[in-house]
Amino acid sequence: MSDFLMSSSFLNSLEEGVLLLDAQLGILANNEAASAMLQRESRELVGRPCPSLFPAMPCAHHCRTSGLCTLTPDDGEERKIQDVLIKNADGRERALRVWAMRVPHNAAGVHCTIILRDCSRERELEAEVREHWQLGGLTGRSVQMQDLYQKILRAAASDASVLISGESGVGKELAARALHDNSPRAGGPYVAVHCAALPETLQETELFGHSRGAFSGALTARTGRFEAAHGGTLFLDEIGEISPATQVKLLRVLQEREIVRVGENEARKVDVRIIAATHRDLKAMIAQGLFREDLYYRLCVLPLHIPALRERREDIPLLVGNMLATLAARYARPPLRLSPEAMRRLEAFDWPGNARQLFNCLEYAVVQSDGALIPPESLPPELAALSAAAPAADSAPIRPPPAKPLTRYYAPPPSADEERAAIRDALRAAGGNKAEAARRLGISRTTLWKRLARYPELDSAR
């Protein structure tokens, strides 16, 4: 058996690279395929410790410290596979898949074999396929995502305003960026504004700028976001959160294509393409008097809707692969993958937070796991606790337990005194911060503004 293993004709007939190791992990022999993959002659390989060839592989450190090949599986254990990238002499990367096999006791002193498979072409083909499954930062091969890609590319060729809708975490900002990057304005600036993060008092100056001395503390003139985006794209995220007063001024800018800085009278022309996004139902807000109908139609010339992750479960494995690659690079880990059971649980979960929640879940699992294979036990508690017999992706989804709802105004409606008292208490608890008070009440800031209009005496409550 050992003579057969050591036979050069046998070894060189194999497409895979083969390294024969002794008990001290030194290389006894190799075949031509291994020399080609590693770009080293046999004389450079024989006698060399195997771990020194693959210093980037996690097993190399364990092999050096333990003196044993940690890739060799125990009896009945599945093959232990690791992927590694090595650089050719020309600087190009070569992808190798590596595993080991234990060899029965023999006179030649061969303890185990290391098998190398060149996966570079597979990676190239995967990259070519991924080009059809990705647009910018968006990823998906589902019918819904392919349709979305086509709509984005058509909209990108236009200069009309776009309104992107979808639940939180679906990737609305990624879609906005893809619109800009594929448009004639790609060479111009891309300016993103998170409207929900802007206090009402700062919305106008942030968007339109101000002159020196326009208000107390305005020691210098300031360029607003519209001017900063001149010649490019302005992305207004969470557009449903802007105040009624700002809505009026934004409408004028969209109509006249000019802005007036706070504290000035002179209008300034701006050449800006507007992309807005929201997770709210703006039509319902219009019916409630919370959002201007004329502004909605100015923004929604080209509507785009991004589907929720639960509506395209077939994209989950693809998303997981991309996210794990990102996390492996972030944490300096080898290529990571999920166990089949862990993947089944991800595909069955309902993902109320969509792709953003999926990424956070995977980051948790990467931190909690040690090896390249992530087991279901490393997933967050709400997923790790699921039954091993989790339903398939096409069955009823597993929904997380409902969160305790925030206080809202349900029927029967509260009396005016009760409503006034609730708002006063929330404002005091929030130190006068209206955004925080609205969060405590479980209502939007716009709704809170309308309530304060009824009770002006509460506007100064602390």
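## The nonpolar core

A nonpolar core, as the term is used here, is a set of buried Ala, Val, Leu, Ile, Met, Phe, Trp, Tyr and Cys residues joined through side-chain atoms within 4.5 Å. In this predicted model, the largest such core has 31 residues. F226, L234, L236, I239 and F291 have the most contacts inside it. Several elements chip in with two or more residues each: β9 (190-194), α9, β12, α11, β15, α12 (282-287) and α13. The largest share, four residues, comes from α11.

Take I239 as a way in. Setting aside its neighbours within four places in sequence, I239 is in contact with L163, C195, L250, A276, A277, T278, L282, F291 and L299. One of these partners, F291, is also on the list of residues with the most contacts inside the core.

## The protein as a whole

Now for the wider view. The protein has 462 residues, and buried ones make up 45% of them. Its secondary structure comes to 20 helices and 18 strands. What about contacts along the chain? Counting those between residues at least 6 apart in sequence, 63% join residues at least 24 apart.

## Helix α11

Back to the helix that gives the core its largest share. Helix α11 covers residues 244-256, which makes 13 residues. At 1.5 Å a residue, α11 should span 18 Å, and its end C-alpha atoms are 19 Å apart, which agrees.

Which residues of α11 are buried? They are T246, Q247, L250, L251, V253 and L254. These residues cover an arc of only 160 degrees around the axis, so they sit on the same side of α11. What covers them includes helices α9 (200-208), α10 (225-228) and α13 (293-299), along with strands β12 (233-237), β13 (258-260) and β15 (273-278). Right after α11 comes R257, whose phi is positive, near 55 degrees.

## Helix α16

Another helix to look at is α16, residues 354-368. Its 15 residues should span 21 Å at 1.5 Å a residue, and the end C-alpha atoms are indeed 21 Å apart, which agrees. The buried residues in α16 are N354, A355, Q357, L358, F359, C361, L362, E363, A365 and V366.

## A five-stranded sheet

Elsewhere you'll find an open sheet of five strands, in the order β2-β1-β5-β4-β3, with antiparallel pairing. At the edges stand β2 (27-30) and β3 (82-87). Each of these two has a single partner strand, so one side of each is left without a neighbour in the sheet. On average, neighbouring strands of this sheet are turned by 30 degrees against each other, direction ignored.

You can walk through part of the sheet pair by pair. Strand β1 (residues 17-21) pairs with β2 in the antiparallel sense over three bridges, and the bridge partner of L21 in β2 is I27. On to the pairing of β1 with β5: these strands run antiparallel and are joined by five bridges, with V18 standing opposite I115 in β5. Strand β4 (residues 93-102) is joined to β5 by seven bridges, again antiparallel. Here R97 has R117 in β5 as its bridge partner.

## Inside strand β5

Is β5 mostly covered or mostly open? Strand β5 (residues 112-118) is mostly covered, with five of its seven residues buried. One residue to pick out in β5 is T113. At 7% relative accessibility, T113 counts as buried, since the cut-off is under 20%. Leaving out residues up to four places away in sequence, T113 touches L19, L20, W99, A100, M101 and V103.

## Two loop residues with positive phi

Finally, have a look at a couple of loops. Q39 is in the loop between α3 (32-38) and α4 (42-45). Its phi is near 55 degrees, a positive value in a residue other than glycine. Q39 has 41% relative accessibility, so it counts as partly exposed.

A332 lies in the loop between α14 (316-330) and β17 (337-338). A332 isn't a glycine either, yet its phi is positive, at about 50 degrees. Is A332 buried or exposed? With a relative accessible area of 69%, A332 is exposed, because exposed means over 50%.

Definitions and conventions
Residues are numbered from 1 along each chain as its sequence is written. This is a predicted model: local features need pLDDT of at least 70, side-chain atom pairs count only at pLDDT 80 or more; totals for chains, interfaces and linings use all residues. Side-chain values use heavy atoms; hydrogens and water are left out. The expected span of a helix is 1.5 Å times one less than its number of residues. Buried means under 20% relative accessible area, exposed over 50%, partly exposed in between (1.4 Å probe, protein chains only). The arc is that of the directions from the helix axis to the C-beta atoms. Contact means heavy atoms within 4.5 Å. Two strands pair if DSSP finds at least two bridges between them. Axes are lines fitted to C-alpha atoms, for helices over the stretch in contact, and angles run from 0 to 180 degrees between N-to-C directions.
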